[in-house]
Amino acid sequence: SFPTRRSSDLITLNGSGLDATTDVVFQYTDAAGNVGERIVRPTSVNAAGTQLQVVVPIDAISGVVRVVGSPDAIALQIVPTIVDVQVESVAADGSSAQLLIAGTGLVEG
């Protein structure tokens, strides 16, 4: 499996018969929380066709990454990055607060 990654990172996949038209499949969630698959093409492939680099989609979720036509799947973990936290409200007695957290790799719900 891959080390922990953030969405939009570049990852390297090893194999054989790889080229610029190789389809790499990531899992993602849409705004309604539905899980789907997103196909991405490599940004580069070595001359031997044994290694490709691909950008993890910004909406990718932790799950498996696979190459179309291959029976193998590789685990990928997305680690959220937080860029902003805002306190929206605080209970009068301090027992609770509502926060707005912004960043990448966050999954609603």
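Reader: Which residue stands opposite Leu 52 in β5?

Author: In this predicted model, Val 45 is the residue that stands opposite Leu 52 of β5. Pairing is read from bridges between strands, with at least two being required, and here β4 (residues 44–45) and β5 are joined by two bridges and run antiparallel.

Reader: What is found between the strands in the hairpin of β4 and β5?

Author: Five residues lie between the two strands of that hairpin, and Gly 49 takes a positive phi near 70 degrees there.

Reader: Which other strand do bridges join to β5, and how does it run?

Author: Strand β1 (residues 10–14) is joined to β5 by five bridges, in an antiparallel arrangement, and within this pairing Thr 12 has Gln 53 as its bridge partner.

Reader: Which side chains along β5 are buried, and which are not?

Author: Buried is taken as under 20% relative accessible area. Along β5 (residues 51–55) the side chains alternate, so that Leu 52 and Val 54 point to one face and are buried, whereas Gln 51, Gln 53 and Val 55 point to the other face and are not.

Reader: Where is there a nonpolar patch on the surface, and which residues form it?

Author: The patch is formed by Ile 82, Val 85, Val 87, Val 90, Leu 99, Ile 101 and Leu 106, which together have about 640 Å² of accessible area. The elements giving two or more residues to this patch are β8 (81–90) and β9 (97–104), and β8 gives the most, with four residues.

Reader: Why can Leu 99 count as part of a surface patch?

Author: Patch residues need over 30% relative accessible area. Leu 99, which is found in strand β9, meets that cut-off because its relative accessible area is 46%, making this residue partly exposed.

Terms used: Residues numbered from 1 in each chain as written. Predicted model: local features only at pLDDT ≥ 70, side-chain atom pairs only at ≥ 80, totals over all residues. Heavy atoms only, no water. Patch = residues over 30% accessible without salt bridge, like charges linked within 9 Å, V, L, I, M, F, W, Y side chains within 5 Å. Areas by Shrake-Rupley, 256 points an atom, 1.4 Å probe, with all protein chains shown as cover. Salt bridge = Lys/Arg side-chain N within 4 Å of Asp/Glu carboxyl O. Buried < 20%, exposed > 50% of the residue type's maximum accessible area, 1.4 Å probe, protein only.
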